Amino acid sequence: MTTVLAPVGGEAVGLAAVPDPVFSAGMVGLGTAIDPLRGPGAAVAPIAGKIVKMHPHAYVVVGDDGKGVLVHLGIDTVQLRGEGFRALAAEGDRVRAGQPVVAWDPAVIEAGGRSPVCPVVALDAVSGSLTGLAVGDVRVGDALFRWE
Amino acid sequence: MGERKVTVAAEVGLHARPAATFVQRAKQASMDIAVAKLNGGDPVNGKSILAIMALDVRQGETVVISAEGDGSEEVLDELAAIAAAP
């Protein structure tokens, strides 16, 4: 069982609230989303493991058991080509759960006309494997859901 | 074993929407689906969104999609169309 931590603080709103059907329809996978607190901060690793993908606006951490979690910082933020994001870790790095990975400011993303909401997706998770999904206020590093 | 060589046209590469659409279709297939980069690298499971994201196919790169069994030609045609879509 893996406990997935909130990569950012804010309000857990569920994937259905994400303004992008790729996430809201569950196409990428099961999980939830966080409407982040506005202001400068750092998004952290949701689980311990290796960073197998590091984009400025999104990252995937894979644990030793092979489970991978995607954190996507804002919607359509690939279009920013890294502007507004600063990597604090590199692809291939091992990170502990809760370790800062990307510095960013959701307020800047929002000011640029994009949603700063952050999908957190348990990649390849099967139906029913996620439990204890947090709803409402979460602090960065709080348990967000469990993955059997 | 059937295969299709496809150059990925989407600006984001085989990530985000193209990756999710590809894996969703692959998971509906009864047979195994393998995806590899044309210029080396081991094939990965085309039904795994994690595997496809980690494969990290960029715009303009060519992948080889493989499958065998009943209906595999139709599945390969559909997957190739998804991967090639701009």
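How many residues of chain B are in contact with how many residues of chain A? In this predicted model, twelve residues of chain B touch eleven of chain A, and that interface is a convenient place to start the tour.

**The interface, from the side of chain B**

Select H1 and helix H2 (49–55) of chain B, each of which supplies at least two residues of the side that touches chain A. H1(B) makes the largest share of that side, with five residues. If you colour the residues of chain B that touch chain A by character, you should find seven nonpolar, three polar and two charged.

While H1 of chain B is still selected, go to B:Ala16, which lies in this helix. Its phi is positive, at about 50°, although the residue is not a glycine. Most residues other than glycine have a negative phi. B:Ala16 counts as buried, because 21 C-beta neighbours lie inside 10 Å and the threshold is 20 or more.

From H2 of chain B, follow the chain into the loop that leads to S4, where B:Arg58 lies. With 13 other C-beta atoms within 10 Å, B:Arg58 is partly exposed. Now add B:His15 to the selection: B:Arg58 and B:His15 are separated by 43 residues in sequence, yet their C-alpha atoms are 8.3 Å apart in space.

**Helix H3 of chain B**

Next select residues 72–84 of chain B, which form helix H3; its 13 residues reach 18 Å from the first C-alpha to the last, close to the 18 Å expected at 1.5 Å a residue. Show the side chains of B:Val75, B:Leu76, B:Leu79, B:Ile82 and B:Ala83, which are the buried residues of H3(B). Looking down the axis of H3(B), you will find that these buried residues fall within an arc of 125°, so they line one face of the helix. An α-helix has 3.6 residues a turn, so residues three or four places apart point the same way. On the other side of H3(B), B:Glu74 and B:Asp77 are exposed. To see what covers the buried residues of H3(B), display strand S1 (2–7), helix H1 (16–28) and strand S4 (62–67) of chain B, which are included in that cover.

**Chain A as a whole**

Turn now to chain A and display it as a cartoon: its secondary structure comes to two helices and 14 strands. Its C-alpha atoms fill a box of roughly 40 × 30 × 25 Å along the principal axes. The radius of gyration of chain A is 14 Å, which agrees with the value near 15 Å that a compact globule of 148 residues would have. Of these 148 residues, 43% count as buried. Among contacts in chain A between residues at least 6 apart in sequence, 67% join residues at least 24 apart.

**The open sheet of chain A**

Which strands should you select to show the open sheet of eight strands in chain A? Their order is S9-S5-S6-S7-S11-S3-S2-S13, with antiparallel pairing. At the edges are strand S9 (94–95) and strand S13 (136–138) of chain A, each of which pairs on one side only. Within the sheet, zoom in on S7 (residues 68–72) and S11 (residues 118–123) of chain A, which run antiparallel and are joined by four bridges. A:Val69 has A:Ala122 as its bridge partner in S11(A).

**From S7 to S8 and on to S10**

Leaving S7 of chain A, step into the loop between S7 and strand S8 (85–87), where A:Asp76 is found. A:Asp76 is another stop for backbone angles, since its phi is near 60°, a positive value in a residue other than glycine. This residue is partly exposed, with 15 other C-beta atoms within 10 Å. The loop between S7 and S8 of chain A also holds A:Glu83, which is exposed, with 12 other C-beta atoms within 10 Å. Measure from A:Glu83 to A:Trp104 in your viewer: the two are 21 residues apart in sequence and 9.4 Å apart from C-alpha to C-alpha.

Finally, select strand S10 (residues 100–104) of chain A together with strand S4 (residues 41–44) of chain A, which pair in the antiparallel sense over four bridges. Add S8(A), which runs antiparallel to S10(A) and is joined to that strand by three bridges. Where should you centre the view in S10(A) to find the bridge partner of A:Ala43? That partner is A:Val102, and A:Val102 is also the bridge partner of A:Ala87 in S10(A).

Terms used
Residues numbered from 1 in each chain as written. Chains lettered and ligands numbered in written order. Predicted model: local features only at pLDDT ≥ 70, side-chain atom pairs only at ≥ 80, totals over all residues. Expected span 1.5 Å × (residues − 1). Arc of directions from axis to C-beta. Contact = placed C-beta atoms within 7 Å. Nonpolar A, V, L, I, M, F, W, Y, C, P; charged D, E, K, R; others polar. Rg over C-alpha atoms; globule rule 2.2 N^0.38 Å. Pairing = 2+ DSSP bridges.
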